[in-house]
Amino acid sequence: YYGPANVFTAELSDATGSFAAPVSIGTLLSQGSGSIIATIPPGTPSGTGYLVRVVSNLPVYIGKDNGTNINIIGGAATTLSGNTNLCAGGVIGLIATGGNQYQWSGPNGFTANSGGSITRTNANVTMSGTYTVTVTNNDCIVVLSIGVTVHPLPVATLSGPTSVCSGGSISLTAPAGATSYQWSGPNGFSTNTGNTNTL
């Protein structure tokens with residue numbers, strides 16, 4: 001009789017079949033039969049002697065192992081990175097690692113199988129979105145995704161007088177609403193005081 005708080009745990013041996021330090025790969029809260037969804041942890045070393053068994057905790061009971069060695073093929077750790085926040089006209093560059101085959105997909109039907117990296121030059125806002133790469137290594141497949149945002153360039157105009165009498169003032173205005181302004185001009189003039197400057 002299994003108690004109402006009984007948990008069945010699927011345990012994975014080491015690569016030699018030893019359960020001296022078993023790894024939990026799935027659990028089921030149940031008083032009777034059922035199915036356990038088991039997941040081999042990422043980074044599990046390759047080996048041909050793995051075994052699985054099921055144990056319970058209420059009461060404590062250790063079941064027999066599956067009786068047949070399991071071959072686990074260890075895949076390399078996979079990563080996906082790159083410049084994901086850029087202005088229009090820039091370069092989208094994404095790099096994936098950990099595989100020997102890479103299949104890329106992205107916004108507006110973009111696809112590529114150019115290896116572990118992709119480069120999209122002269123980026124525009126329609127290239128924003130989620131990019132996905134399917135990494136294959138030793139017949140093991142990992143799917144990774146990353147979001148990319150391409151910001152539109154600000155509408156830049158500059159207004160002010162084009163001629164002024166000696167001793168007069170020059171007032172120059174750039175569009176309001178930008179996050180920063182950096183001005184420069186003759187004789188080393190430089191300031192970042194906002195969208196309007198009077199000289």
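Let's start at Thr-136. Buried or exposed? Thr-136 is buried, because its relative accessible area is 17% and the cut-off for buried is under 20%. Keep in mind that this is a predicted model.

Where does Thr-136 sit? It is found in strand β13, which covers residues 129–137. And what does Thr-136 touch, leaving out residues up to four places away in sequence? Its contacts are Gly-99, Asn-100, Gln-101 and Ile-141.

Stay with strand β13. Its partner is β14, and the two run antiparallel, joined by nine bridges. Find Val-133 on your screen. Across from Val-133, in β14, stands Leu-144. Now follow the chain round the hairpin of β13 and β14. Two residues lie between the strands. Asn-138, in this hairpin, has a positive phi near 55°.

Strand β14 spans residues 140–151, and it also pairs with strand β8, residues 85–87. Parallel or antiparallel? This pairing is parallel, over three bridges. One pair to look up is Asn-85 with its bridge partner in β14, Thr-149.

A quick reminder for anyone new to sheets. Strands pair through backbone hydrogen bonds, and the pairing can be parallel or antiparallel. In a regular strand, side chains alternate between the two faces of the sheet.

Next, move to another sheet. This one is open and has four strands. In what order do they come? The order is β2-β1-β4-β5, and the pairing is antiparallel. Which strands are at the edges? They are β2, residues 23–29, and β5, residues 60–62. Each of these edge strands pairs on one side only. On average, neighbouring strands in this sheet are turned by 20° against each other, ignoring direction.

Look at β1, residues 7–12. Six bridges join β1 to β2, and the two strands run antiparallel. Val-7 is a good place to check, as Val-7 stands opposite Leu-29 in β2.

Now for charges. Side chains of opposite charge can pair when their charged atoms come close. How many salt bridges does a search of the whole structure find? It finds one. The partners are Glu-11 and Arg-53, and their closest N and O atoms are 2.8 Å apart. This pair links distant parts of the chain. Glu-11 belongs to strand β1, Arg-53 belongs to strand β4, residues 52–57, and they are 42 residues apart.

Are these two partners buried or exposed? Glu-11 is buried, at a relative accessible area of 14%. Arg-53 counts as buried too, with 16% relative accessibility.

Last part: the whole chain. What is it built from? The chain has 18 strands and zero helices. Its radius of gyration is 30 Å, while the globule rule gives 16 Å for 199 residues, so the chain is more spread out than a compact globule. The C-alpha trace spans about 100 × 40 × 30 Å along its principal axes.

How much of the chain is buried? Of the 199 residues, 29% count as buried. The chain exposes about 12300 Å², and carbon and sulfur atoms supply 56% of that area. Take contacts with a separation of 6 or more. Residues 24 or more positions apart account for 47% of these contacts.

To wrap up, go back to two places on your screens. One is buried Thr-136, in strand β13. The other is the salt bridge of Glu-11 with Arg-53, which links strand β1 to strand β4.

Technical notes:
Residues numbered from 1 in each chain as written. Predicted model: local features only at pLDDT ≥ 70, side-chain atom pairs only at ≥ 80, totals over all residues. Heavy atoms only, no water. Pairing = 2+ DSSP bridges. Axes fitted to C-alpha atoms, helices over the stretch in contact; angles between N-to-C directions. Salt bridge = Lys/Arg side-chain N within 4 Å of Asp/Glu carboxyl O. Buried < 20%, exposed > 50% of the residue type's maximum accessible area, 1.4 Å probe, protein only. Rg over C-alpha atoms; globule rule 2.2 N^0.38 Å. Contact = heavy atoms within 4.5 Å. Areas by Shrake-Rupley, 256 points an atom, 1.4 Å probe, with all protein chains shown as cover.
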